[in-house]
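Grab a coffee and work through a few short exercises on the structure below. Try each task yourself before reading its solution.

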Amino acid sequence: MTAPLLCADIGNSHTTLGLVVDGDVSHHWRVKTDDGRTADEWGVLLRALLAGADVTDESTLRGVSVCSSVPAVLHEWREMMTGFFPSVPHVVVEAGVKTGVPVLMDNPREVGSDRIVNALAAAHLYDGPSIVVDLGTATTFDVVSPRGEYVGGAISPGIEISLEALGRRGAQLRKVELLRPRSVIAKNTIEALQSGVLYGFASQVDGMVARMTAALGLDPGEVNVIATGGLAGIVLDECATITDHQPWLTLFGLELVFTRNT
């Protein structure tokens, strides 16, 4: 049996972890990204999570593959991997690491490593052009050509950021559970917030996908539109343009990167 690969997508708000074998995620966890957490604390946390998945010996891991948008946390992860998993090969997605994804940007180094990893996974899984919609701390839209090139994209504030900003600036507004309201035309403040978030962000996704599809000179239906990210499930059912939901797209991409570099 192939040993699992520990993949970690370190985002601004949350870190998504998973054990991956040939694209299949057997165990997964989502923990808070705390830039004050030390390497030792990360190591203790990881060992506890892995023990719950019956991975009690580092020799049973194939390796560790990491991408991060938080430099301070990545620094602690480097120390943690050296101290807690010294015999396990690891790959950090950064400049110099082979991804096989040409980045057609003015400054390729500006593109977040998670976005490149998502593009790699999309190119591997789908034929033709793709748009990856990643709904996390930010909502990102990334365009992948039929040749697997990262063409470009867009970034907008995410659902949680928008709600937090609204709560801080709106004296009579509060945090609400993100459920579908009875109607898009709400009859109370709680449902008005739910309607604005749910249908507003779904409309943003559909609108951006339509504009990007037109910019590519293609018709609707000619582009794969893949939703991923921790908040994708909130608006997924309200989006008309999403063709597939891949919650572990980044973890799968991290496995591809690891294979190409070891």
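Helices here are DSSP runs of H or I with at least four residues, numbered from the N terminus. One caveat before we start: this is a predicted model.

**Exercise 1. Place Glu 41 and say how exposed it is.**

Step 1: Look up the element. Glu 41 sits in helix H1, which covers residues 39-52.

Step 2: Check its accessibility. The relative value for Glu 41 is 42%, so it goes down as partly exposed; that class lies between the 20% and 50% cut-offs.

Step 3: See what company it keeps. Glu 41 belongs to a surface patch of negative charge, together with Asp 34, Asp 35, Asp 40 and Glu 79.

**Exercise 2. Find the aromatic pair and classify its geometry.**

Step 1: Count. There is one aromatic pair in the structure.

Step 2: Get the geometry. The ring centres of Trp 42 and Trp 77 are 5.5 Å apart and the planes make 55 degrees, so we call the pair tilted. The cut-offs to keep in mind are under 30 degrees for stacked and over 60 for edge-to-face.

Step 3: Place the partners. Trp 42 is in helix H1 and Trp 77 in helix H2 (residues 71-84), so to speak a link between distant parts of the chain, 35 residues apart.

Step 4: Check burial. Trp 42 is buried, at 0% relative accessibility, and Trp 77 is buried with a value of 0% too.

**Exercise 3. Take the salt bridge between Glu 255 and Arg 62: which parts of the chain does it tie together?**

Step 1: Start from the total. The whole structure has six salt bridges.

Step 2: Pick this one out. The closest N and O atoms of Glu 255 and Arg 62 are 2.9 Å apart.

Step 3: Map it. Glu 255 lies in helix H7 (residues 249-261), while Arg 62 is in the loop between H1 and strand S4 (63-68), so the bridge ties together parts 193 residues apart in sequence.

Step 4: Add the surroundings. Glu 255 is buried at 5% relative accessibility, whereas Arg 62, at 24%, is partly exposed.

**Exercise 4. For the salt bridges Asp 142 with Arg 115 and Arg 182 with Glu 191, sort the residues: buried or exposed?**

Step 1: Asp 142 and Arg 115 meet at 2.6 Å, N to O. That pair links strand S7 (residues 138-144), home of Asp 142, to helix H3 (residues 113-125), home of Arg 115, 27 residues apart. Both residues are buried.

Step 2: Arg 182 and Glu 191 meet at 3.0 Å, N to O. Arg 182 is exposed at 65% relative accessibility, but Glu 191 is buried at 13%.

Note on methods. Residues numbered from 1 in each chain as written. Predicted model: local features only at pLDDT ≥ 70, side-chain atom pairs only at ≥ 80, totals over all residues. Heavy atoms only, no water. Patch = residues over 30% accessible without salt bridge, like charges linked within 9 Å, V, L, I, M, F, W, Y side chains within 5 Å. Areas by Shrake-Rupley, 256 points an atom, 1.4 Å probe, with all protein chains shown as cover. Salt bridge = Lys/Arg side-chain N within 4 Å of Asp/Glu carboxyl O. Lys, Arg positive; Asp, Glu negative; His and termini not counted. Charge placed at Lys NZ, Arg CZ, Asp CG, Glu CD. Helix = DSSP H or I, 4+ residues; strand = E, 2+ residues; numbered from the N terminus. Buried < 20%, exposed > 50% of the residue type's maximum accessible area, 1.4 Å probe, protein only. Phe/Tyr/Trp six-rings, centres within 6.5 Å; stacked < 30°, edge-to-face > 60°.
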